[in-house]
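Please take a moment to look over the sequence and the structure before reading on. The paragraphs below will then lead you through some parts of it, step by step.

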Amino acid sequence: MIEIFSEYPLLLLFVVASLGYLLGTIKVKGSSLGVAAVLFTGLAFGAIDPRLQIPEIIFLLGLTLFVYSIGLSSGPAFFSSYQKNGIRDFLFILMMLVFSGVIASGLWLLFGFSAATITGIYTGSTTNTAALAGVLDYIHSSIDKETAATLIQEAVVGYSFSYPMGVFGSIIAIVLMEKVLKVDYVEEQNQLKKIYPIAEKMVTVSIEVTNEAVCHIQLRDLLKEYEWEVSFGRIFHEGHQALINWDTVFEIGDIIVVIGSEEDVATVAQAFGKFSDALYQYDRSQFDSRRIFVSNTMIAGRTIASLNIQEKFHTVITRIRRGDMDMLAKADTVLEMGDRVRFIARREDLDKLSDYFGDSYTESSKVNLFSFGLGIGLGLVLGSIEFSFGPNFSFKLGYAGGPLIVGLLLGALRRTGPVVWSLPYSANVTLQQIGLILLLTSIGVRSGNAFMQSFSIAGLWAFVAGGLISMLTAFATLAVGFKVLKMPFSLLTGMVANQPAILDFASSRSNNKVPMFGYAMMFPIALISKILIAQILFLILY
């Protein structure tokens, strides 16, 4: 079997991926490793025989696909968050990264590691291969060959032993701090739904107008005053049915249909009067409802307000479904390929609306290979540029940083003229999953043999030190961010997710996408800072 796996690396790739994914579904006391189990399955296979290898191009492809698709989906929320708390978040992330370097220095004194070993442990515990590469390049170019060879080996051994604990440490910290801080993800999600595009439970209710204070006032003026986060559908006035629009004026006895979260519709009901138990049989001969797919590239990437829908059709958009997520339709909501838009419209307008929005599931699921390939190409070009700061320090953003930064920028732009940069939701999720599986399988198999070859008492201490750096940094980040800065815990779990397996674990714990926004906020800063900190650490301690 070893001979077959060594001869056919693609077979090895998919066996490791499938077994790891299966193990990741097993729950112990309600918790599971999720896709992170693929990494540890790869470590086990890699430790069996040094001939078991997966080509580096698979690793680079997985890394690029994963970070670029994360960037595209996180771009809008990333820049929106930094506009609100940019300086605070930047300084907080930077302080936590420096704190991890201080911990590494303390462990150097405590355990008596060499400068090269503790630097390797630091880069492994933060799962930052680029930082290790920067240190190795400095050692190779600045120290005599014989000494450099020894130092490089020490750094690589430290990295190999601490890398697994770089993953485990953060996962352990997340689980423990959830209990210590008594985190309520459901309550947190309710508070974050106005900031981040996360799922919320939508209900449709009927409300009877009994409050004179809201009568004879146009809806646009009521919305300015009360800032309700709901959508208005139909209105029943004296037995006649109509659609509610900005100009609608309400009267006592009207029955209106409102869509939103349970909390928000209750607020609207209190303002207008009371919930109505009356069941109306909708006259579908005049108005009907339909969900329509956005598959027209001229629609994708544009706000609902910019489409001037009500000037073209007699219709109301009540909600939008993106993946498993229901969202209210607001004027500034940006439509994306694959969105399912809920319309209430005149029957004769429904077919015209379908033609206008495309309404093709096939087309809405396709990846635009021109914009996708161009975006990744731009990211790889950016990643290949070397930034130099003096004779002793230079770095590249590499296959991770370049595509992520370009993905964030293009995701925020969404479209440039006729070119749509964003991906359909289903395609983005699929590419993230494929990229993550390729990445974790490759890392695991490649690291497994090096881990076993370096196994020793000194290596075990490096293993412990890597776990301490990872866990203490994660503990500090979660505690200070949550208790002092009052940041959402789910956002903070993304910030401590310095490796994709941790990010996937964090997302499964919170059951929403908020950790991805934290990851996108942290990664560009962390990538550059860790490269700098690692080299400073070596220079000071050597």
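What follows is a walk through a predicted model, beginning with its nonpolar cores and going on to one helix and one pair of strands.

The largest nonpolar core of the model holds 94 residues, and those with the most contacts inside it are Val-167, Phe-489, Met-495, Tyr-519 and Phe-538. The helix that gives the most to this core is H21, which spans residues 514-541 and supplies 17 residues. To see what such packing looks like around a single side chain, turn to Phe-538: leaving aside residues up to four places away in sequence, Phe-538 touches Ala-115, Ala-116, Thr-119, Val-135, Tyr-138, Ile-139, Ile-143 and Leu-151. Apart from the largest core lies another one, of 22 residues, and among them are Trp-228, Phe-232, Ile-256 and Val-258.

Next, follow helix H7, which runs through residues 145-180 and, with its 36 residues, reaches 50 Å from its first C-alpha to its last, close to the 52 Å expected at 1.5 Å a residue. Along H7 there is a kink of about 35° at Ser-162, shortly before the proline Pro-164. After H7 comes Lys-182, which has a positive phi, near 55°.

Finally, consider strands E7 (residues 315-322) and E8, which pair in the antiparallel sense over four bridges, with Arg-319 standing opposite Leu-328 of E8. Two residues lie between the strands of this hairpin, in which Gly-323 takes a positive phi near 65°. Strand E8, residues 325-328, is covered on both faces, with Met-325 and Met-327 buried on one side and Asp-326 and Leu-328 buried on the other.

Key
Residues are numbered from 1 along each chain as its sequence is written. This is a predicted model: local features need pLDDT of at least 70, side-chain atom pairs count only at pLDDT 80 or more; totals for chains, interfaces and linings use all residues. Side-chain values use heavy atoms; hydrogens and water are left out. A nonpolar core is a set of buried Ala, Val, Leu, Ile, Met, Phe, Trp, Tyr and Cys residues joined through side-chain atoms within 4.5 Å. Buried means under 20% relative accessible area, exposed over 50%, partly exposed in between (1.4 Å probe, protein chains only). Contact means heavy atoms within 4.5 Å. The expected span of a helix is 1.5 Å times one less than its number of residues. The bend at a residue is the angle between axes fitted to the seven residues ending there and the seven starting there. Two strands pair if DSSP finds at least two bridges between them.
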